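Biologist: I am new to this structure and would like to learn how to read it. Please take me through it feature by feature.

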Amino acid sequence: MIGLENACLSFGEKVILDHFSIDIPDSGVTALRGPSGCGKTTVLRALAGLQRLESGRVFGVSGDQTAFLFQENRLLPWRRVAQHITDVLPRDRWNEARQWLELVELENEEKAYPAALSGGMCRRLALARCLALGGRLYLLDEPFAGIDPERGRRIIGRIRSLNTPVVLVTHEESILKVADHIISFDGPPLTIVR
Amino acid sequence: MASAKTFRRLALWLLPVIFWIGVWQLAAWLVELSVEGRGNELLLPYPLSVAKSLIRLAGEGGFWKTVAASLVRILSGMVLGAAAGIVLAVLTSASPVLDHILSPAIRVVRATPVASFILLVLLWTGRDAVPVIIAALMVLPVVWENFSRGIKATDPQLLEMAKTYRFSGFKTLWLIYIHSLRPYFSAALTNAMGLAWKSGAAAEVLCLPKEAIGTRIYNSKMYLEIPDLFAWTVVVVSLSLILEKLLRWALSRWNGGAQNDWS
């Protein structure tokens with residue numbers, strides 16, 4: 001299990017985590033869902049070590065063991081598609097880049113710049129870069145936003161075959177259907193609904 | 001079609017040049033009228049006299065040597081000032097303590113009259129070094145300010161991405177900072193080029209190095225060879241404009257090249 005224990009965090013007056021604890025299975029695909037702004041992303045960022053907690057602790061994982069997909073694509077407009085992948089790979093593994101692009105169905109866009117891609121393609125590129133980075137745990141914040149449900153289902157199937165546990169935030173029904181575990185939230189402050 | 005376009009561009013480029021030479025010609029003629037035929041060469045020579053002086057000077061053996069010496073001095077000052085400005089911008093952006101210590105000094109350098117610096121540096125160093133140091137001192141604050149602004153404006157989301165995706169310091173510099181800083185660097189260098197020429201030439205006039213455009217300007221004034229003074233000024237302005245154009249061209253190629261390949 002991984003998770004947070006007795007976590008507290010607020011942004012100004014807004015309390016996001018109020019002595020919040022959660023256990024997340026560290027196998028298969030776990031989907032976190034809940035209304036916008038309830039604190040799902042905060043949980044993910046805390047697990048990735050990107051969000052310092054005011055009190056409480058993260059257990060079962062440390063930031064450098066995770067690969068985190070940001071809610072925004074954060075692509076580099078001056079780098080080609082394939083370069084985004086090689087940028088996170090060690091030099092001796094550059095030949096893997098194509099495999100990661102095939103996983104997200106972008107293998108025909110290797111030489112394009114992000115400006116030439118659609119919103120969904122940019123999202124897939126950001127996802128491929130995160131997957132290529134690798135780690136003990138994938139933390140994906142809305143990985144299929146703007147991607148059509150059928151393609152999203154195909155991609156999550158391939159991600160599952162990597163045998164690395166995945167925790168993702170999503171609103172997509174098609175992804176929720178194939179998740180092994182679903183945790184629903186409400187808030188803020190963040191509470192587990194079921 | 002293409003020749004019509006070229007002609008149009010040439011005409012647009014020449015129009016302000018012809019207009020201002022016309023204004024100069026008229027002003028020189030009015031001066032000649034006001035001195036009642038006693039000759040206007042001491043106050044405001046005609047453009048043609050200046051052109052004749054320029055052609056005569058260009059034919060002299062020492063002309064190109066003088067131009068080259070000034071060019072080397074001022075470009076050296078520019079490179080020195082730009083390098084120091086970049087290093088200081090990195091230091092002041094990385095450390096609030098260094099920012100607190102160094103920023104006021106750089107602002108003092110920017111506010112100090114160039115004439116004070118020229119005389120002080122002349123006291124401390126040899127006359128040949130003064131234009132280099134003065135050009136560097138004028139360029140440094142401009143580059144420092146632009147670079148600091150560029151570093152602060154670098155997208156924090158990209159920097160967080162670089163940290164999260166375990167980019168090395170060099171990779172972060174190469175893939176994120178260099179690109180983000182490029183427009184600030186271009187603006188700094190093109191502004192600095194004009195400043196370097198103005199201040200460097202002023203330093204040469206006051207310090208009189210052996211081979212220098214500034215020295216020739218000073219001598220022209222001393223011997224009341226006013227068309228020569230104008231001709232040397234035309235040389236300084238032309239060099240500054242040509243180098244600025246070259247710099248803009250090189251920087252635009254660098255920007256364009258970055259879109260094509262950065263591997």
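Modeller: We will go from the fold of one chain to the interface, then to salt bridges and backbone angles.

Modeller: This is a predicted model, in which local features need pLDDT of at least 70 and side-chain atom pairs count only at pLDDT 80 or more, while totals for chains, interfaces and linings use all residues. Residues are numbered from 1 along each chain as its sequence is written, chains are lettered from A and ligands numbered from 1 in the order in which they are written, and side-chain values use heavy atoms, with hydrogens and water left out.

Biologist: How many helices and strands does the secondary structure of chain B have?

Modeller: Helices (H or I, at least four residues) and strands (E, at least two) are DSSP runs, numbered from the N terminus. Chain B has ten helices and zero strands. Its pattern along the sequence is α-α-α-α-α-α-α-α-α-α.

Biologist: What is the radius of gyration of chain B, set against a compact globule?

Modeller: The radius is taken over C-alpha atoms, and the globule rule is 2.2 Å times the number of residues to the power 0.38. For 263 residues a compact globule would be near 18 Å, but chain B has 23 Å. Its C-alpha trace spans about 80 × 60 × 35 Å along the principal axes.

Biologist: What share of the residues in chain B is buried?

Modeller: Buried means under 20% relative accessible area, exposed over 50%, and partly exposed in between (1.4 Å probe, protein chains only). In chain B, 40% of the 263 residues are buried. For contacts, the cut-off is heavy atoms within 4.5 Å. Of the contacts in chain B with a separation of 6 or more, 71% are between residues 24 or more positions apart.

Biologist: How many residues of each chain are in contact across the interface?

Modeller: On the chain B side there are 18 residues, in contact with 25 residues of chain A. Buried area is the accessible area (1.4 Å probe) that two parts lose on being put together, summed over both. Here that area is about 1,900 Å², and carbon and sulfur atoms give 53% of it.

Biologist: Which polar links and salt bridges are counted between chain B and chain A?

Modeller: A polar contact is a pair of N or O atoms within 3.5 Å; within protein, one must be able to donate a hydrogen and the other to accept it, and residues adjacent in sequence count only if both atoms are side-chain atoms. Eight residue pairs are in polar contact between chain B and chain A, both residues at pLDDT 80 or more. The elements giving two or more residues to the side of chain B that touches chain A are helices H7 (156-164), H8 (169-207) and H10 (226-260) of chain B. H7(B) gives the most, with five residues. That side divides into eight nonpolar, six polar and four charged residues. In this sorting, Ala, Val, Leu, Ile, Met, Phe, Trp, Tyr, Cys and Pro count as nonpolar, Asp, Glu, Lys and Arg as charged, and the others, Gly among them, as polar.

Modeller: As for salt bridges, side chains of opposite charge can pair when their charged atoms come close. The cut-off is a side-chain nitrogen of Lys or Arg within 4 Å of a carboxyl oxygen of Asp or Glu. Two salt bridges are counted between chain B and chain A. A:Arg45 forms a salt bridge with B:Glu160, with the closest N and O atoms 2.5 Å apart.

Biologist: How many salt bridges does the structure hold over all chains?

Modeller: The count over all chains is 22. Among them, B:Glu60 pairs with B:Arg216, the closest N and O atoms being 3.3 Å apart. B:Glu60 lies in the loop between H2 (47-59) and H3 (61-94) of chain B and B:Arg216 in H9 (residues 213-222) of chain B, so the pair ties together parts 156 residues apart in sequence. B:Glu145 and B:Arg149 also meet in a salt bridge (3.5 Å, N to O). Both lie in helix H6 (residues 130-153) of chain B, four residues apart, about one turn of the helix.

Biologist: Where does A:Glu105 lie, and what is its phi?

Modeller: A:Glu105 is in the loop between H3 (97-103) and H4 (119-133) of chain A. Its phi is positive, about 60°, although it is not a glycine. A:Glu105 is buried, at 19% relative accessible area. Its side chain meets that of A:Arg151 in a salt bridge (2.8 Å, N to O).
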